[in-house]
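I opened this entry to look up the salt bridges of the structure and the surroundings of their side chains.

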Amino acid sequence: MTKTVSTDGKTVILYDELVTGKEPVSGDWFFPEFWKSTGDIESTPGGRGSAWFVCSSVGRFVLRHYLRGGLPGKIIRDRYFWTGEESSRPFREWSMLETLVNAGLPVPRPVAARIERFGFPSYRGQIIVERLAGKPLSSLLNEDIDFLKWQEIGKVIAQLHRQNIWHADLNAHNILVHDSGVSLIDFDRAKKMSVRGRWCNKNIRRLRRSLTKLLGKTPEETRHVVGWQALVDAHAKVLRD
C-alpha cells in the first residue's frame, strides 16, 4: 500500500501498487471525466449516479463517489463530517476489503481511495476497487437459478459472518453470481462486530426484504422457494460447524 499527500495537506490518496504497477495514482483517477477523456469508461452500473465501470490498460475497476442517501442526501450530497483519516468512509472500506481479501473471502480487492478535506471540518471521498466477474443476483431473478448457487450464496454470507463482519447493505444487487461461484460487493459502512449474534439473521432478513421488493412476493412464494431455503440452510450450517 502506498500513501500520497497533496502539498497543501488537503488530499490523501491510498493505492495498491501491486495492482496499479509502477504507475502512480493521481487525483485524476477519481473523476469519471478523466476516464471519459481516455476512452476507458465502460458503463455506469446504476444507483444514484455515483459509480462507473472503468476498463483501462491497468485493469478493470469500479470507481465510486461516496454520496448520501435519503433526506440528508438532498441537503448535503457528498460531504461528511471529518473525524480523521482512519474513520473516513473511503479508508474504512479500504481497510475492510483488505482484511476480507487477506481472509480469503470473495470480495473485490481495493485499488485506490481518496479523501479531500475542506475548510469546514468536512470531507468528500472516492474509492476504486477491482471489478469482479458475474451478474448481480437481482438481474437473474426471472431465471431458474441453480440450487447450488443459492447454497453458495448462503455459504459465502456465513463465511463473512464467521469473520464477525456485518454488511450494511446486503441486498440482491450486492451479490454477484458467476460460473465459478459467488462474490459480495459494496462494503461501505460494513462493521466488525465484537461477537456473533442476532445481527447475522438481521443481515439475512435484509436480503429477504430486498428479494421481496424485486419479486413482488416473498421468496417463499415464488419460483425461488427451494433456492431460498437452500440459502438459509447453508448459512445456518456453516455457522454451526
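I began with Arg 124, which is partly exposed, with a relative accessible area of 22%. The model I am reading is predicted.

I then looked up the partner of Arg 124. Its side chain meets that of Asp 78 in a salt bridge, at 3.8 Å from N to O. I noted where the two residues sit: Arg 124 belongs to strand S8 (residues 122-130), while Asp 78 is in the loop between helix H3 (70-75) and strand S6 (80-81), so this pair ties together parts that are 46 residues apart in sequence.

I next asked whether Asp 78 is buried or exposed. Asp 78 counts as buried because its relative accessibility is 15%, and the cut-off for buried is under 20%.

Asp 78 also forms a salt bridge with Arg 79, with the closest N and O atoms 3.9 Å apart. I recorded Arg 79 as partly exposed, at a relative accessible area of 31%.

I followed these contacts further and found a network of salt bridges that links Asp 78, Arg 79, Arg 114, Glu 116 and Arg 124.

I turned to another pair, Asp 144 and Arg 223, whose side chains meet in a salt bridge at 2.8 Å, N to O. This pair links distant parts of the chain, 79 residues apart. Asp 144 is in the loop between strand S9 (135-136) and helix H5 (147-162), and Arg 223 is in the loop between helix H6 (199-215) and helix H7 (225-240). I entered Asp 144 as exposed, at 64% relative accessibility, and Arg 223 as partly exposed, at 48%.

Finally, I looked up the total, and the count comes to 11 salt bridges.

How values were computed. Residues numbered from 1 in each chain as written. Predicted model: local features only at pLDDT ≥ 70, side-chain atom pairs only at ≥ 80, totals over all residues. Heavy atoms only, no water. Salt bridge = Lys/Arg side-chain N within 4 Å of Asp/Glu carboxyl O. Buried < 20%, exposed > 50% of the residue type's maximum accessible area, 1.4 Å probe, protein only. Helix = DSSP H or I, 4+ residues; strand = E, 2+ residues; numbered from the N terminus.
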